Structures are given as C-alpha cells and as structure tokens.
Amino acid sequence: MAHAHLSPPSGRAEVTRAGAMAEAAGGPRPQECPGSSSAQAGTAAACQGCPNQRLCAAGAAADPAEAAEVRARLRGVRHAVLVLSGKGGVGKSSFSAALARGLAAGGDKQVALLDIDICGPSIPKMMGLEGEQVHQSGSGWSPVYVEDNLGVMSVGFLLSSPDDAVIWRGPKKNGLIKQFLRDVDWGEIDYLVVDTPPGTSDEHLSVVQYLGAAHIDGAVIITTPQEVSLQDVRKEINFCHKVKLPIIGVVENMSGFICPKCKNESQIFPPTTGGAEKMCQDLNVTLLGRVPLDPQIGKSCDQGQSFFSEAPESPATLSYRSIIQRIQEYCDQHHLREDKTV
C-alpha cells in the first residue's frame, strides 16, 4: 500500500454516519429524537434508553469548514451521479464504466469517474488503467486520464500491486473518500460518476454527506432480474429515501440473453417475482431500462476496452445508450429545477 500521499483521516466518525446507519436500519427512535444530524445526537435527554444512542453519539455535527472545502473543490462539477447496488456481482462497476464512457463519447463533455469501492477497486482494470499511478501537483491530486475528456480516480492507483488487500476500518475509508472529493483537482467537469461498493455502508453515507455539501443529482441503482438481487435493491431504495438521496432510476442488468445467431431471447436469470419492472411499479421508482447479457461486456472489461467500440451493434450497446440518454435528460431537468429554485 502506497501511503505517501494519504494524510491520516480523523479517527472520529464523520458527521451523521453512525446515526444515519441506525435510522436506516429501522431502529426505534425516541419520541423527541433530535435526529442523527443534530449536534445533540446521542446526548440529548430524549436519547436516554434509545438502543441507537451509542451509534448516534459516535457521530459529530457537520464540520462547516470541511463542507466548505468540498464545496469549493467541486464548484466546477455540473452533475454528480452515484451508481449503487444492493448486492455485489450484478454489474455495477461495469455499468459505471459504460456510463462514464458513454457520457464522454461525443467528446464535448468533460467526465470524471470516481471509484470509492475501496476494498474492491475494479475500475482501473475496466478502464485500461491498471498499473497507473496518481501524481500530485500544487493544485492537488491529478486524475488518471483515459481520454482527454475522461478522468479516473481510484484507490487502485495507490496500491503497489492489484492483489494487495485494503484492510481498513470505516473512519480511514471515509477519510480517503473525503480526500478524493476535496484534494483531487477535478477542474471543470460536466459529469462526476461515482462507483460505490455494494450495500449501504459507511462509504455510502460519507459520499452522500460530502457530495450533499456541494451538489448531487441522484442515484442509479443496478440489479439483476432474480428475487435474491431485488430484495437487497429494495433495501437500497429504502436507504436512499432515508438519507434523502434522489433516485434517478433502476437498471436491470443481465436481463435475458439474445442469441447473436437466431436472435431469440433466453432468460438466464428468470424474473420469478416480476423482475425490476414489477419492483419499480410497486415502489414508484423509474425503470431506466434493461441490459441483456453479452459475453463481450465481460471480455471488454477484462481487457480495459470500450464495449461500445468492440460491439457497436449489440443489443446491449443499444440498451446502454438509451439508458445513458435518460440519465442525461434527468440531470438536465434536475439542473433546470435547481436554477428555478435559486
């Protein structure tokens, strides 16, 4: 592990992390609960006897100085999109890579891809950047560039070997996320895509908190059709509601397989409970689209190549492009609503 550029993050829990986790877990709250974001979280008289008191007390009131630093660094970010999944192995990172490449494809948009999957950073390999290193200048850390308009930052660039295990507790992970947002010289970018680890953990709460100090459009949630994935996505949607993170929509990945010869479709992962479509209807969430299985997606990720270039006529490519267009339309509308509010 290359520690040279990592300033030691604070040992105390960040802002509302512990309290929000307690709330997201659905624990009972006292009648006059001050809320996990309050300076009195865990210490107020109403907190006595609450099973979540210790977790809330471990949090801290938001540091205005830290929020101002992040806001200043990200003032040039026009749109920020989080990519989430309830479970690992559903294609979240491959979708993040495709989203970043698709947004940057025209050459007229500046795009940044931030990998905060600290224990499993796969973005460097998927983007063809394995072995690259982060450089530091007077203005901060410099992203590693795939193209002139597509920059990437990941903990994978700080490892001496891609096989190195990152064995960190929550506060240190959160400190690195804060550094990525505060110390990287992102410059003027149209889209910041954030690839997160699976689930609803410290990393998610931290990035929502820090990006919330600046600007965040919303989250794209990745699932596969089977119920074992959907049950965790429902938790992810609940998490988004708890932390007031807008949901751009859900993407059903690995949604059938279209034979390249006969063009017939087979269900490799049958949607036994109606798949993402039924779940989105039940929870009033937008289904952005379905991406069918294509062996070339995995091959392109392993080789660090663009799937769009390798398989431009694939049904999966067409699905990706349609989904990316819908995300862009959402972000544009979100930006217009914010302008009207201001």
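These legends accompany a set of close-up views of one predicted protein model.

**View 1. The whole chain, before we zoom in.** Welcome to the predicted model, whose protein chain holds 12 helices and 11 strands. Of its 342 residues, 52% are buried. Among contacts with a separation of 6 or more, 76% join residues 24 or more positions apart. The chain exposes about 15,500 Å², and carbon and sulfur atoms supply 49% of that area.

**View 2. Leu192 and the largest nonpolar core.** The largest nonpolar core counts 89 residues. Which of them touch the most other members? They are Leu82, Phe95, Leu181, Leu192 and Ile327. Take Leu192 as a place to start: beyond its neighbours within four places in sequence, Leu192 is in contact with Val77, His79, Ala80, Val81, Ala112, Leu114, Leu181, Trp186 and Leu211. Leu181 therefore appears both in that contact list and among the buried residues of helix α6, where the next view takes us.

**View 3. Helix α6, a mostly covered helix.** Helix α6 runs over residues 170-183, which makes 14 residues. From its first C-alpha to its last, α6 reaches 19 Å, close to the 20 Å expected at 1.5 Å a residue. Buried residues account for 10 of the 14. They are Gly170, Lys173, Asn174, Gly175, Leu176, Ile177, Lys178, Gln179, Phe180 and Leu181. Do look at the lysines while you are here: Lys173 and Lys178 are both on that buried list.

**View 4. Glu203, a buried glutamate in helix α7.** Glu203 sits in helix α7, which covers residues 202-212. Is Glu203 buried or exposed? Its relative accessibility is 5%, so Glu203 counts as buried. Setting aside residues up to four places away in sequence, Glu203 touches Ile116, Lys173, Asn174, Ile177 and Pro197. Lys173, Asn174 and Ile177 will be familiar from the previous view, as they are among the buried residues of α6.

**View 5. An aromatic cluster around Tyr320.** The structure has five aromatic pairs. In one of them, Phe95 and Tyr320 are tilted, with 6.1 Å centre to centre and 40° between the planes. This pair links distant parts of the chain, since Phe95 belongs to helix α4 (residues 92-104) and Tyr320 to helix α12 (residues 315-341), 225 residues apart. Phe95 and Tyr320 are buried. Tyr320 also pairs with Phe308, this time edge-to-face, at 5.7 Å centre to centre and 85° between the planes. Phe308 lies in helix α11 (residues 307-310), so its pair with Tyr320 ties together parts that are 12 residues apart in sequence. Phe308, like Tyr320, is buried. Together with Phe307, the residues Phe95, Phe308 and Tyr320 form one aromatic cluster.

**View 6. Helix α4, the home of Phe95.** Stay with Phe95 a moment longer and follow its helix, α4. How many of the residues of α4 are buried? The count is 13 of 13. Its end C-alpha atoms are 18 Å apart, which agrees with the 18 Å that 13 residues should span at 1.5 Å a residue.

**View 7. Two loop residues with positive phi.** Most residues other than glycine have a negative phi, and this view shows two that do not follow that habit. Lys263 has a phi near 70° and is found in the loop between β9 (247-258) and β10 (265-266). With a relative accessible area of 58%, Lys263 is exposed. Asn284 has a positive phi of about 60° and lies in the loop between α9 (275-283) and β11 (287-293). Asn284 is exposed too, with a relative accessible area of 72%.

**View 8. Gly131, an exposed loop glycine.** Gly131 is in the loop between α5 (123-126) and β3 (135-137). Because its relative accessibility is 71%, Gly131 counts as exposed. Its C-alpha atom is separated by 9.5 Å from that of Leu158, a residue 27 positions away along the chain.

**View 9. Two buried cysteines, and no disulfides.** How many disulfides does a search of the whole structure find? The result is zero. Cys280 counts as buried at 4% relative accessibility, and Cys331 counts as buried at 0%.

Notes:
Residues are numbered from 1 along each chain as its sequence is written. This is a predicted model: local features need pLDDT of at least 70, side-chain atom pairs count only at pLDDT 80 or more; totals for chains, interfaces and linings use all residues. Side-chain values use heavy atoms; hydrogens and water are left out. Helices (H or I, at least four residues) and strands (E, at least two) are DSSP runs, numbered from the N terminus. Buried means under 20% relative accessible area, exposed over 50%, partly exposed in between (1.4 Å probe, protein chains only). Contact means heavy atoms within 4.5 Å. Accessible areas come from the Shrake-Rupley method with a 1.4 Å probe; for residues, only the protein chains shown count as cover. A nonpolar core is a set of buried Ala, Val, Leu, Ile, Met, Phe, Trp, Tyr and Cys residues joined through side-chain atoms within 4.5 Å. A disulfide is a pair of cysteine sulfur atoms within 2.5 Å. The expected span of a helix is 1.5 Å times one less than its number of residues. Rings of Phe, Tyr and Trp (its six-membered ring) pair if their centres lie within 6.5 Å; planes under 30 degrees apart count as stacked, over 60 as edge-to-face and the rest as tilted.
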